[in-house]
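Got your viewer open? Load the model and set it to a plain cartoon, and we'll take a walk through it together.

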Amino acid sequence: MPSRIAEIRLVSSHREVYEPCDDSFALVDALLTDRTNLIEHNPKICMEIGCGSGYVITSLILLLKNEVPGVHYLATDTNPIAARVTNETLEAHGVEADVICTDIASCLENRLAGSVDVMVVNPPYVPTPEYEVGMEGIASAWAGGENGRTVIDKILPVVDHLLSEKGWFYLVTLTSNLPAEICLMMRKKGYAFRIVVQRSTDEENLLILKFWRDKDEESLDKEVFMSQFSRSFSSFMENQRR
Ligand SMILES: C[S@@+](CC[C@H](N)C(=O)[O-])C[C@H]1O[C@@H](n2cnc3c(N)ncnc32)[C@H](O)[C@@H]1O
């Protein structure tokens, strides 16, 4: 039976490109967990920002390939070697996407405005000194500036601009990125959220969040929202333990 996600042995690599790691696996697990919903969602355009090795976008394509016809896949990365490696990974799995070397989604923003149905992002989220953000090569894969939020905070408005009315957005975050604040920022743009996957490793506590437009959600009051987030987190953890 063909694999539903990318095979690590077929994922191309380069020392200047982020290797699939716990965060990449958690993001793909989130997509696998949501597979039935993704198929019913019937996306026309799916996109990844920061594709690195191509493991995530290739997995997304394989997840939907036989179930949802005619999907257009795109992936971007600032690192030109990552763009090359992603193309190699796609080719090794016999699938296709447009891979563009650009900052977030520059040069695509007009063409794709309001049309992306599924967006996936595993951003550089590690808290680092600000000067490390956007450095050339592998450092740009993880360096996230203060609270690991510098690149994330640039990505959020772009995603809002690109997502279609029914668009879904999957985002990898760390506890130190203050995910409740990220959810509040997205709430202010009219999005609801849910935690799809939580992973604790020796080094980090990861949350994969999913956002979608929901104009009816209540409360923009910060304190009320933060306690809603805590309750969502506790009930997610409770369900995990069962
Ligand atoms: C944590 S890695 C994730 C790689 C891959 N998606 C995965 O999950 O294995 C972050 C990726 O984002 C890319 N990146 C960093 N800043 C970016 C930006 N401003 N625009 C696009 N890609 C960016 C990095 O080059 C790196 O490949």
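What percentage of the 242 residues in the chain do buried residues make up? The answer is 42%, where buried means that 20 or more other C-beta atoms, placed from the backbone, lie within 10 Å of the residue's own (12 or fewer is exposed, and in between is partly exposed).

Two notes before we click on. This is a predicted model, so local features need pLDDT of at least 70 and side-chain atom pairs count only at pLDDT 80 or more, while totals for chains, interfaces and linings use all residues. Residues are numbered from 1 along each chain as its sequence is written.

**Stop 1: the whole chain.** Colour by secondary structure and you'll see nine helices and seven strands; these are DSSP runs, with helices (H or I) of at least four residues and strands (E) of at least two, numbered from the N terminus. The radius of gyration is 17 Å, close to the 18 Å from the globule rule for 242 residues, so the chain is as compact as a globular protein of that length. That radius is taken over C-alpha atoms, and the rule is 2.2 Å times the number of residues to the power 0.38. Along its principal axes, the C-alpha trace spans about 50 × 45 × 40 Å.

**Stop 2: the ligand.** Select its surroundings: 26 residues, with Ser24, Gly50, Gly52, Asn122 and Ala141 coming nearest. A residue counts as near if its C-beta atom, placed from the backbone, lies within 6 Å. Elements giving two or more residues to this shell are α1 (22–33), α3 (55–64), β2 (72–77) and α6 (139–142).

**Stop 3: α1.** Now pick out this helix. Its 12 residues should span 16 Å at 1.5 Å a residue, and its end C-alpha atoms are 16 Å apart, which agrees; the expected span is 1.5 Å times one less than the number of residues. Which residues of α1 are buried? They are Asp23, Ser24, Ala26, Leu27, Val28, Ala30 and Leu31. Show what covers them, including α2 (35–41), α3, β4 (116–121) and β5 (163–174).

**Stop 4: three strands.** Select β5, β6 and β7. β5 and β7 run antiparallel, joined by seven bridges; strands pair if DSSP finds at least two bridges between them. Look for Tyr170 opposite Lys210 in β7. β6 and β7 are also antiparallel, with nine bridges, and Val197 stands opposite Ile208 in β7. To finish, follow the chain from β6 to β7: the two form a hairpin, with four residues between them.

Note on methods: Contact = placed C-beta atoms within 7 Å.
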